[in-house]
Number of protein chains: 2
Amino acid sequence: MEKSVGSQRPQRLTDRGQATRAHIVKNAADLIYANGVHATNNEFLRNAAGVSGSQLTHYFPNKESLILGVIDWQADSVLGFHRDDRFAGFDSIDAFQDWADFYILSGRPFEDGCGIGSLASEIIKTDLDIHDHLALVFEQWRDIFRDGLERMQQLGRIDASVDPVRLAHMFIAAYQGGMLLAQIARDIAPLRDALYAAVDHLRTFAE
Amino acid sequence: MEKSVGSQRPQRLTDRGQATRAHIVKNAADLIYANGVHATNNEFLRNAAGVSGSQLTHYFPNKESLILGVIDWQADSVLGFHRDDRFAGFDSIDAFQDWADFYILSGRPFEDGCGIGSLASEIIKTDLDIHDHLALVFEQWRDIFRDGLERMQQLGRIDASVDPVRLAHMFIAAYQGGMLLAQIARDIAPLRDALYAAVDHLRTFAE
DNA sequence: GTAATTTTGGACTAGTTCGTCCGCTTGTTG
DNA sequence: CAACAAGCGGACGAACTAGTCCAAAATTAC
């Protein structure tokens, strides 16, 4: 995640340069999450981040490299969130319930919603050479769930016959699909229903 | 669905005009599904549909109206598919299993995949006045599932305590999320896992 | 302290895209 | 057949955007 293509250095970066670069990426991520990739142009980004045009070029020679930087940023964000201690590596049904509740009970699912899903769906059809990079992030995410489910099996908390990968896919799909439906309906209900149904399904394997 | 904003007539359409308009919409839908809204520009569409620039303007005064036309087309496509006799109104678990199998066993989930999900995620953040229109389509889709599940309850096929809307949301979310993951991973597995897990969950309520 | 390097500013350009415009062709109506 | 409307073709223009370029300011290295 550190040494990605998006992290290509123009030459070398001083501390100040790294700070400016991070500042640009953060603002770009916010703008893209709010308005989409296409609507996030040079000018808006300059105004939002308070930088000049040459700075964008200096740290990101083209838009593709900027998007890669944003993907890295979003990937760190979502993976870091799921690795937080509060979820204890997803080794219990309660952890999954807490995870679902976080989005539903926070009352602001879209603000805290992972931006990498919507970003992915927006650029998945472009010819950007981002596919493998993106696939890796979702694999890591799935593995967090899978590892937790495997540990639950070892601990005898769920049936040994279930396929952890399959359930991990179910959880991420429920989240991504639920998020899309919630955005379309401007209502949290579809997300809540999808996430709680997924947790309920996990619960049917409890021992 | 018929008298939508996207169906605004320049003045009146003869049979020939309607044919040309439908031809443009069909090609636009294909191009957008394959390359996304942004990459589908005037020129590509002219070449693909074999029409002139003025024809695009004639039938669709601006790009937004064209996108609305494509949404209508995709909505008819997905709703028509789900109302097909083969699914018998989704009044049995087998119908849901057949529905899931269709995408998995056809071997070409992306070709037959509903284009309205990816289209929705791409334009959901734009300022286009499409939100309500899009929400209505997904409501109708959900209601197809909901009605089937309610009938299953009346027929005593599933437990009367389950919430049909909730399960309907689960199915659509599993499909949309699974599709996204499948496209990212270039692998049908996440879609298969999500859909089959959803059907399995429904099965836990069988009586 | 000075030379080299990095960071920054902002105007400018080349390319793209949506939509307009004018005129021609086809067909329909009275 | 005449007048009018709809369908059609393709060039053109206005607006927008990614990326370039020339310097200046700040920082670091020697």
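A polar contact is a pair of N or O atoms within 3.5 Å; within protein, one atom must be able to donate a hydrogen and the other to accept it, and residues adjacent in sequence count only if both atoms are side-chain atoms. One example joins protein to DNA: a polar side-chain atom of R16(A) lies 3.2 Å from a sugar or linking oxygen of DNA strand D.

## About the model

This is a predicted model, where local features need pLDDT of at least 70, side-chain atom pairs count only at pLDDT 80 or more, and totals for chains, interfaces and linings use all residues. Residues are numbered from 1 along each chain as its sequence is written, chains are lettered from A and ligands numbered from 1 in the order in which they are written, and side-chain values use heavy atoms, with hydrogens and water left out.

## Two domains in chain A

Chain A has domain 1 (1–70) and domain 2 (83–207). These bounds come from an automatic or database domain assignment. The contact (heavy atoms within 4.5 Å) takes eleven residues from domain 1 of chain A and 14 residues from domain 2 of chain A. The centres of the two domains, taken over C-alpha atoms, are 28 Å apart.

About 990 Å² is buried between the two domains of chain A, 69% of it on carbon and sulfur atoms. Buried area is the accessible area (1.4 Å probe) that two parts lose on being put together, summed over both. There are zero salt bridges between these domains; a salt bridge is a side-chain nitrogen of Lys or Arg within 4 Å of a carboxyl oxygen of Asp or Glu. Two residue pairs are in polar contact, both at pLDDT 80 or more. On the domain 1 side, helix 1 (15–35) and helix 4 (63–82) of chain A each give two or more residues. Helix 4 of chain A gives the most, with four residues. Helices (H or I, at least four residues) are DSSP runs, numbered from the N terminus.

## The ends of helix 2

Helix 2 of chain A covers residues 42–49. N41(A) caps its N-terminal end, with a side-chain oxygen 3.2 Å from the backbone nitrogen of E43(A). Just after helix 2 of chain A, G50(A) takes a positive phi of about 70°. N41(A) also reaches the DNA: an N or O atom in its side chain is 2.9 Å from a phosphate oxygen of DNA strand D.

## DNA strand C

DNA strand C is surrounded by 20 residues, and the closest are S54(A), Q55(A), Y59(A), T57(B) and K63(B). A residue is near a strand if one of its heavy atoms lies within 4 Å of it. Of the atoms of DNA strand C that come within 4 Å of the protein, 67% belong to sugar and phosphate. Backbone atoms take part too. A polar backbone atom of T14(A) is 2.9 Å from a phosphate oxygen of DNA strand C. For N42(B), the distance from a polar backbone atom to a phosphate oxygen of this strand is 2.8 Å.

Helix 3 of chain A gives the most to the surface near DNA strand C, with five residues. By class, that surface has two nonpolar, 14 polar and four charged residues. Ala, Val, Leu, Ile, Met, Phe, Trp, Tyr, Cys and Pro count as nonpolar, Asp, Glu, Lys and Arg as charged, and the others, Gly among them, as polar.

## DNA strand D

Around DNA strand D there are 20 residues, and N42(A), T57(A), K63(A), S54(B) and Q55(B) come nearest. Sugar and phosphate make up 71% of the atoms of DNA strand D that come within 4 Å of the protein. An N or O atom in the side chain of Y59(B) is 3.0 Å from a phosphate oxygen of this strand. Helix 3 of chain B gives the most to the surface near DNA strand D, with five residues.

## Chain B meets chain A

Each chain puts 40 residues into the contact between chain B and chain A. Together the chains bury about 3,400 Å², 66% of it on carbon and sulfur atoms. On the chain B side, K125(B), R166(B) and I184(B) lose the most area to chain A, together 22% of what that side buries.

Two salt bridges link chain B and chain A. In a salt bridge, the side chains of D200(B) and R166(A) meet at 2.8 Å, N to O. Across this interface, 17 residue pairs are in polar contact, both at pLDDT 80 or more. Helix 9 of chain B gives the most to the side that touches chain A, with 14 residues. That side of chain B divides into 21 nonpolar, 14 polar and five charged residues.
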